[in-house]
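Subject: Model handover

Hi,

Here is the model for you to look at. My notes on the charged pairs and the rings follow below it.

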Amino acid sequence: MDLKTASALRRLRLVSAPEAVSFLVLLLCSVLKRTTDFNGVPVMGAVHGVLFVLYVIFWLDAWNRTKWSFGTAALYFVLSVLPTGGFFAERKLRRESENAVIAARAREEGIVNA
């Protein structure tokens, strides 16, 4: 894995958890708006919108660089629209990037011919 691919995965991983948190807080603000006088939806909607757009941009970049199959790319997108999916995406991306680093080191040391 080259440095640009690793960076693309890292960016996607780093934005996935905050995007998931902002989604959950936005849902909480929606409930509070209907049950109390508190209205944090405009602010949290904007925050979540920015994080979601960043996630989609980083997802497209990672898909382009890693050459994921359509199914893998679709999984990461579906995880972005589920309330807690970003946490699962972050965990899968961390595992994927660690495995890629291990494979790259093995290739460099001549352990495998891949």
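Arg-13 counts as buried, at 17% relative accessibility. This is a predicted model, so please read every value here as computed from it. The salt-bridge partner of Arg-13 is Glu-90, with the closest N and O atoms 3.1 Å apart. Arg-13 sits in helix 1 and Glu-90 in helix 4 (residues 85-108), so this pair ties together parts that are 77 residues apart in sequence. Glu-90 is buried too, with a relative accessible area of 14%. Both values fall under the 20% cut-off for buried.

In total, the structure holds 4 salt bridges. Arg-13 with Glu-90 is one of them. Two others share a residue, Asp-61.

Take Arg-11 first. The side chains of Arg-11 and Asp-61 meet in a salt bridge, at 2.6 Å from N to O. This pair also links distant parts of the chain. Arg-11 belongs to helix 1 (residues 3-35), Asp-61 to helix 2 (residues 41-66), and 50 residues separate them.

Now Arg-65. Arg-65 forms a salt bridge with Asp-61, and here the closest N and O atoms are 3.0 Å apart. Both residues of this pair lie in helix 2. They are 4 residues apart, about one turn of the helix.

Through shared partners, the salt bridges join Arg-11, Asp-61 and Arg-65 into one network.

How accessible are the members of that network? Arg-11 is partly exposed, with a relative accessible area of 31%. Arg-65 is partly exposed as well, at 35%. Asp-61 has 19% relative accessibility, so it counts as buried, the cut-off being under 20%.

As general background, side chains of opposite charge can pair when their charged atoms come close.

On to the rings. The structure holds 5 aromatic pairs. Which residues form the aromatic cluster? They are Phe-52, Trp-59, Trp-63, Phe-70 and Phe-77, joined in one cluster.

If you open the model, two places to start are the Arg-13 and Glu-90 pair, which bridges helix 1 and helix 4, and the network of Arg-11, Asp-61 and Arg-65.

Best wishes

Notes
Residues are numbered from 1 along each chain as its sequence is written. This is a predicted model: local features need pLDDT of at least 70, side-chain atom pairs count only at pLDDT 80 or more; totals for chains, interfaces and linings use all residues. Side-chain values use heavy atoms; hydrogens and water are left out. Buried means under 20% relative accessible area, exposed over 50%, partly exposed in between (1.4 Å probe, protein chains only). Rings of Phe, Tyr and Trp (its six-membered ring) pair if their centres lie within 6.5 Å; planes under 30 degrees apart count as stacked, over 60 as edge-to-face and the rest as tilted.
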